[in-house]
Amino acid sequence: MTVPPRAAQTAALAALAVLATGCASAGPALQARSAAAPQVCASPVVIGHRGAPFNAPENTMASFDTALNQGADWLETDVQTTRDGVPVLMHDPTVDRTTNGKGAVADLTAAQVAALRVTVGPGGAQPVPTLEELLTRLSTSSATLLMEIKWQRPEDVARIARIAAGSRAHVVLYSFSVANLRQAHAVAPSLPVVLIQSGGIAEDPGDLKLDGIALDAGLASATRIAAERKAGREVYVWTLDDAEAWQLMTARDADGLITDTPGPARRWVDANCRTERRSGPRGH
């Protein structure tokens with residue numbers, strides 16, 4: 001794919017700033033103008049962060065289905081493990097914030113977690129999915145799953161990686177923990193690995209070969225993104241929820257936009273970027 005020279009790209013983006021900022025909510029006339037505007041960026045993938053949490057309870061099948069229906073290219077989720085070794089989809093180590101229950105996921109059985117309902121977010125309360133339920137849903141889809149392995153025991157990390165590798169879904173493993181990624185890669189070497197970094201947690205990958213890096217927006221400078229891409233790593237930036245952020249990161253040539261608003265992000269990318277979408281690491 002031929003990318004316009006950086007200077008021309010920057011000038012074109014500046015000229016489109018007002019148009020791009022309003023594209024998610026623009027009326028038909030403005031949308032038509034946006035669609036006809038010069039294409040100014042290589043198309044990043046749109047990644048639904050915990051699905052579409054502004055439209056359905058986070059990390060539930062309702063949220064994931066909504067994100068896919070809104071045009072997300074990828075889904076992002078978080079995996080914790082129950083006391084009896086079943087990987088379930090939940091961001092926090094406890095169920096307190098997101099469900100009608102209490103306690104650490106690691107202290108509850110899969111049956112106890114299955115009896116809970118996710119209540120945080122719009123829409124009706126939803127069950128907590130298992131990892132295998134989502135992988136089955138994606139096994140017939142072209143969507144990629146960006147799967148965060150949370151801080152947990154090495155045997156649980158290995159189990160999660162084996163389940164993902166044994167599925168027919170496209171899966172990319174990512175984590176803040178280099179140890180997690182090493183463990184997962186040892187048992188599932190075919191799966192791409194991505195290190196997450198923020199201002200507070202930024203582990204050194206050492207000699208671990210990364211397929212990509214997921215950066216907090218505060219770390220995703222143009223210089224940093226260019227350096228990562230020069231090193232052969234794709235760059236995914238989180239969490240980007242408005243047109244100003246999407247425009248800034250596409251101008252910096254990020255490969256993926258991790259967003260709580262995949263529908264508006266999809267419309268913005270389609271209106272402002274090339275139609276060819278990046279496929280992700282190793283063809284995923």
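Which side chain does Asp 156 meet in a salt bridge? The partner is Arg 153, at 2.8 Å from N to O, where a salt bridge means a side-chain nitrogen of Lys or Arg within 4 Å of a carboxyl oxygen of Asp or Glu. The two residues sit in different accessibility classes: Asp 156 is buried at 3% relative accessibility, while Arg 153 is partly exposed at 42%. Buried here stands for under 20% relative accessible area, exposed for over 50%, and partly exposed for anything in between, using a 1.4 Å probe and protein chains only.

A word on the model. It is a predicted one, so to speak of local features requires a pLDDT of at least 70 and side-chain atom pairs count only at pLDDT 80 or more, whereas totals for chains, interfaces and linings use all residues. Residues are numbered from 1 along each chain as its sequence is written, and side-chain values use heavy atoms, with hydrogens and water left out.

Now to the other charged pairs. Side chains of opposite charge can pair when their charged atoms come close. Searching the whole structure turns up 17 salt bridges. One of them brings Arg 97 and Glu 58 together, with 2.9 Å from N to O. This pair links distant parts of the chain, 39 residues apart: Arg 97 belongs to the loop between strand 3 (87–89) and helix 5 (110–114), and Glu 58 to the loop between strand 1 (45–49) and helix 4 (61–69). Helices (H or I, at least four residues) and strands (E, at least two) are DSSP runs, numbered from the N terminus. Glu 58 is buried, with 11% relative accessible area, but Arg 97 is partly exposed at 38%.

Asp 65 and Arg 137 make another salt bridge, their closest N and O atoms lying 2.7 Å apart. Asp 65 is in helix 4 and Arg 137 in helix 6 (residues 131–138), so this pair ties together parts that are 72 residues apart in sequence. Both ends count as partly exposed, Asp 65 at 25% relative accessibility and Arg 137 at 30%.

Some of these bridges join up. A network of salt bridges links Arg 50, Glu 58, Asp 78, Asp 92, Arg 97, Glu 148 and Lys 150, which puts the Arg 97 and Glu 58 pair in a wider setting. Arg 50 has a backbone quirk as well: its phi is positive, about 60°, although it is not a glycine. Arg 50 lies in the loop between strand 1 and helix 4 and counts as buried at 14% relative accessibility.

Asp 253 shows a positive phi too, about 75°, and is likewise not a glycine. Its place is the loop between helix 10 and strand 11 (256–259), and at 10% relative accessibility Asp 253 is buried. As for peptide geometry, a cis bond joins Trp 238 and Thr 239, with omega about -25°. Thr 239 falls in the loop between strand 10 (234–238) and helix 10 (243–251).

Finally, Asp 73 is found in the loop between helix 4 and strand 2 (74–81). Asp 73 is buried, with a relative accessible area of 11%, and a polar contact of 2.8 Å joins its side chain to that of Arg 266. A polar contact is a pair of N or O atoms within 3.5 Å; within protein, one must be able to donate a hydrogen and the other to accept it, and residues adjacent in sequence count only if both atoms are side-chain atoms.
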